[in-house]
Amino acid sequence: MDIRERLNQVKSILPATVTLIAVSKFHPEADVEDAYAAGQRIFGENIVQELRRKYENLPKDIQWHFIGHLQRNKIKYIVPFVSMIHAVDSFELLSDINQHAQKIGRVIPCLLQIHVAKEETKFGFNFEECRQMLKNENWKKLENVRIDGLMCMASNVPDEAQIHQEFHSVWNFFNEMKQQYFEHDEHFCQRSWGMSSDYTIAVQEGSTMVRVGTKIFGNRLQKTE
Ligand SMILES: *Cc1c(COP(=O)(O)O)cnc(C)c1O
C-alpha cells in the first residue's frame, strides 16, 4: 500500500469528529507531499529544526502541529507559523510561548500534556500538578496563548484494558478541568490522544485528535523518543 491508501485506511475508521494529525517526523518531504496530494493538511512534527525546514519547503496551507517536548530556547523558531503546540508541560513553558507570541501578535493554541503512562518519563503534568497550575490563575493573564485542551500518551503495552483505563482517566480529568476552569470557554475542547498502535482505543475513550505516524508513513529510520 502507498501513503494515499494507508492514509485513507486510517481515515476510514475515524469518526468525522476526530481530527487526524499525520505525524511525518523523520520522513522525507516527498512523503508529506504524497499525503498532501491525497488531501491531508494537518501534520505533526517533534523536532524544531526539521519542522522549520519542512515549513519552509512545503505548501503554506499546511497546518503544522508541534507534538514533541519543546525546549524553551527553541520556541521562537516555531511560534511564527505553528498551528498548535501539543505538549506544554509547565507554566514556565506556557509563559515563554506567550512572550514570543506577543512579540509577533499571534495567539498560539496549546494543549497541556498529562503524564499518565506507567513508564518513566520526565514530561507532562500529573493530575495534581495540572490542577495546581490551573488553580493558580496566572495563566489567565497570558493573552497570547490559548489552552485548547489536553494531550497524553498511554503506556506502550499490549494490555488493551490498561490503555483504555489510562485514556479514560484523562478523559475524566478533562471533564473535571472543563467544568472547573473552562465551562464557558468553547476553545477548551481538544483531547489529543491515540497513536498508530492505540488510536482506535483512543477514539472510544473520547479522543478528538489522533496523532498517527507509522500507520501512514511506515517505519521511521531513526528512533525518536
Ligand atoms: C511519534 C509520535 C506520534 C506518532 O507515533 P506513531 O506510533 O508512529 O503513530 C504521536 N505522538 C507523539 C507525541 C509522537 O512523538
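This is a short tour of selected spots in the structure, stop by stop. The model is predicted, and residues are numbered from 1 along each chain as its sequence is written.

**Stop 1: the start of the chain**

Begin by selecting Gln9. You will find Gln9 in helix α1, which covers residues 3-12. With a relative accessibility of 40%, Gln9 is partly exposed. Now add Lys215 to your selection. Along the sequence Gln9 and Lys215 are 206 residues apart, yet their C-alpha atoms lie 9.2 Å apart in space.

Next, select Pro15, in the loop between α1 and β1. Pro15 is partly exposed, at 34% relative accessibility. Which distance separates the C-alpha atoms of Pro15 and Val203? The two C-alpha atoms are separated by 8.0 Å, while the residues are 188 apart along the chain.

**Stop 2: a loop and a charged patch**

Move on to Phe26. The loop that holds Phe26 runs between β1 (19-23) and α2. Look at the backbone here: the phi angle of Phe26 is near 70 degrees, a positive value in a residue that is not glycine.

From that loop, go on to helix α2, made of residues 29-37, and pick out Asp34. Asp34 has a relative accessible area of 42%, so Asp34 counts as partly exposed. Then select Asp2, Glu5 and Glu33 together with Asp34: these residues form a negative patch on the surface.

**Stop 3: salt bridges**

How many salt bridges does the count come to? The count comes to 11 salt bridges. A few of them make good stops.

Start with Glu56 and Arg52, and show their side chains. They meet in a salt bridge with an N to O distance of 2.9 Å. Both residues belong to helix α3 (residues 48-57), and because they are four residues apart there, about one helical turn separates them. Glu56 is partly exposed, with 46% relative accessible area, and Arg52 is partly exposed too, with 25%.

Now select Glu45, Glu50 and Lys54. Here salt bridges link the three residues in a network.

Next, travel to helix α6 (residues 127-135), where Arg131 and Glu128 sit three residues apart, which means about one helical turn lies between them. Their side chains meet in a salt bridge, 2.8 Å from N to O. For Arg131 the relative accessible area is 25%, making this residue partly exposed; Glu128 is also partly exposed, at 42%.

Keep Arg131 selected and add Gln180. In which helix is Gln180 found? Gln180 is found in helix α7, residues 160-181. The C-alpha atoms of Gln180 and Arg131 are 9.5 Å apart, with their positions 49 residues apart in the sequence. Is Gln180 buried or exposed? Gln180 is exposed, with a relative accessible area of 52%.

For one more pair, select Glu137 and Lys140. Their side chains form a salt bridge, with 3.2 Å from N to O. Glu137 counts as partly exposed at 41% relative accessibility, and Lys140 does so at 45%.

**Stop 4: the cysteines**

Finish with some cysteines. A disulfide is a covalent bond between the sulfur atoms of two cysteines. How many disulfides does the count come to? The count is zero.

Select Cys110 and Cys130 to look into this. Cys110 is in no disulfide, and its nearest cysteine sulfur, that of Cys130, is 13 Å away. Why does Cys110 not pair with Cys130 here? A disulfide needs sulfur atoms within 2.5 Å, and the sulfur of Cys130 is 13 Å from that of Cys110. Is Cys110 buried or exposed? Cys110 is buried, with a relative accessible area of 0%.

Then select Cys189. Cys189 is in no disulfide either; the nearest cysteine sulfur belongs to Cys110 and is 14 Å away. At 33% relative accessibility, Cys189 is partly exposed.

Notes
This is a predicted model: local features need pLDDT of at least 70, side-chain atom pairs count only at pLDDT 80 or more; totals for chains, interfaces and linings use all residues. Side-chain values use heavy atoms; hydrogens and water are left out. Patches are made of residues with over 30% relative accessible area and no salt bridge: like charges are joined within 9 Å, nonpolar side chains (Val, Leu, Ile, Met, Phe, Trp, Tyr) within 5 Å. Accessible areas come from the Shrake-Rupley method with a 1.4 Å probe; for residues, only the protein chains shown count as cover. A salt bridge is a side-chain nitrogen of Lys or Arg within 4 Å of a carboxyl oxygen of Asp or Glu. Lys and Arg count as positive and Asp and Glu as negative; His and the chain ends are not counted. The place of a charge is taken as NZ of Lys, CZ of Arg, CG of Asp or CD of Glu. Helices (H or I, at least four residues) and strands (E, at least two) are DSSP runs, numbered from the N terminus. Buried means under 20% relative accessible area, exposed over 50%, partly exposed in between (1.4 Å probe, protein chains only).
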